[in-house]
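Here's a walk through one protein model, aimed at someone who'd rather look at the fold than at tables. Keep the structure open and follow along.

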Amino acid sequence: MYVPPAFRDDDLDNIRATIRSARLANLVTATADGPIATPLPLFLDETEGERGVLYGHVAKANPQWKASPIGEALAIFMGPEAYVTPSWYATKQETGKVVPTWNYIAVHAHGPVDFFHDPERLLEVVTRLTNIHERPRATPWTVDEAPADYIAAQLRGIVGVRIPVTRFEGKRKMSQNRPEADRTRVAAGLAASEEPRDREAGLLIPVQG
């Protein structure tokens, strides 16, 4: 990922927050037949290793786990993002030298990938993933509400994913490179949008006051 110095984010708390808030990641592996990517939910166990370990699962029918990876795997997590029109820039009225851009937050996590089949480990991963995404609900559903033999059959249809993270790349592109007047107007423009993702991104633009 290309990360200019103005947008580089090495803050581990920010990186972990982006991973936690991402509802879906993309797991990418390089193989002899070319890259393979799978959209899937992943969670970071921060207690394991120096940088944590990512866990998730793929369908057993998915060919990604069968293809030997070349080098490390890449997990991509996206945070808030929004289109930025040059019409919002104060600079537009001053010089006209403006173009559109896109604001976004992204985290790339690198590490060797291990695919596993052990049913106890799979059950733990499925349970933890379920608890994470059910937690905000008024009445969370839990894995043990389903019949044990049904869950066992479901586990036979998936393969676990484990990625000990060797390095993170964090990018936080939120108009930091624009003058204060431009940032203020971009934040106001996004705040007025009918698109919830725009409003969420607008709150992250650094403005005075």
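**Starting at the first helix**

A side-chain oxygen of Asp11 comes to within 2.9 Å of the backbone nitrogen of Asp13, right where helix α1 starts. (A polar contact here is a pair of N or O atoms within 3.5 Å; within protein, one must be able to donate a hydrogen and the other to accept it, and residues adjacent in sequence count only if both atoms are side-chain atoms.) Before going on, note that this is a predicted model, where local features need pLDDT of at least 70 and side-chain atom pairs count only at pLDDT 80 or more, while totals for chains, interfaces and linings use all residues. Residues are numbered from 1 along each chain as its sequence is written, and side-chain values use heavy atoms, with hydrogens and water left out.

Helix α1 covers residues 12-21, and Ile15, Arg16, Thr18 and Ile19 in it are buried (under 20% relative accessible area; exposed is over 50% and partly exposed in between, with a 1.4 Å probe and protein chains only). Looking down the axis of α1, its buried residues fall within an arc of 155°, so they line one face of the helix; the arc is that of the directions from the helix axis to the C-beta atoms. Asp13 and Arg20 are exposed, on the face turned away from that buried side. The cover over the buried residues includes β3, β4, β5, β6 and β9. Helices (H or I, at least four residues) and strands (E, at least two) are DSSP runs, numbered from the N terminus.

Now for the sheet. Four strands make an open, antiparallel sheet in the order β3-β4-β8-β7; strands pair if DSSP finds at least two bridges between them. β3 and β7 are at the edges with a single partner strand each, so one side of each has no neighbour in the sheet. Three bridges link β3 and β4, with Val53 as the bridge partner of Asp45. Seven bridges join β4 to β8, and there His57 has Gly160 as its partner. Strand β4 is mostly covered, with five of its seven residues buried.

What about the packing? The largest nonpolar core (buried Ala, Val, Leu, Ile, Met, Phe, Trp, Tyr and Cys residues joined through side-chain atoms within 4.5 Å) has 22 residues, and those touching the most other members include Ile19, Leu54 and Val161. Two or more residues each come from α1, β1, β4, β5, β6 and β8. Apart from this core lies another, of 13 residues, among them Val126, Leu129, Ala146 and Leu155.

Key
Contact = heavy atoms within 4.5 Å.
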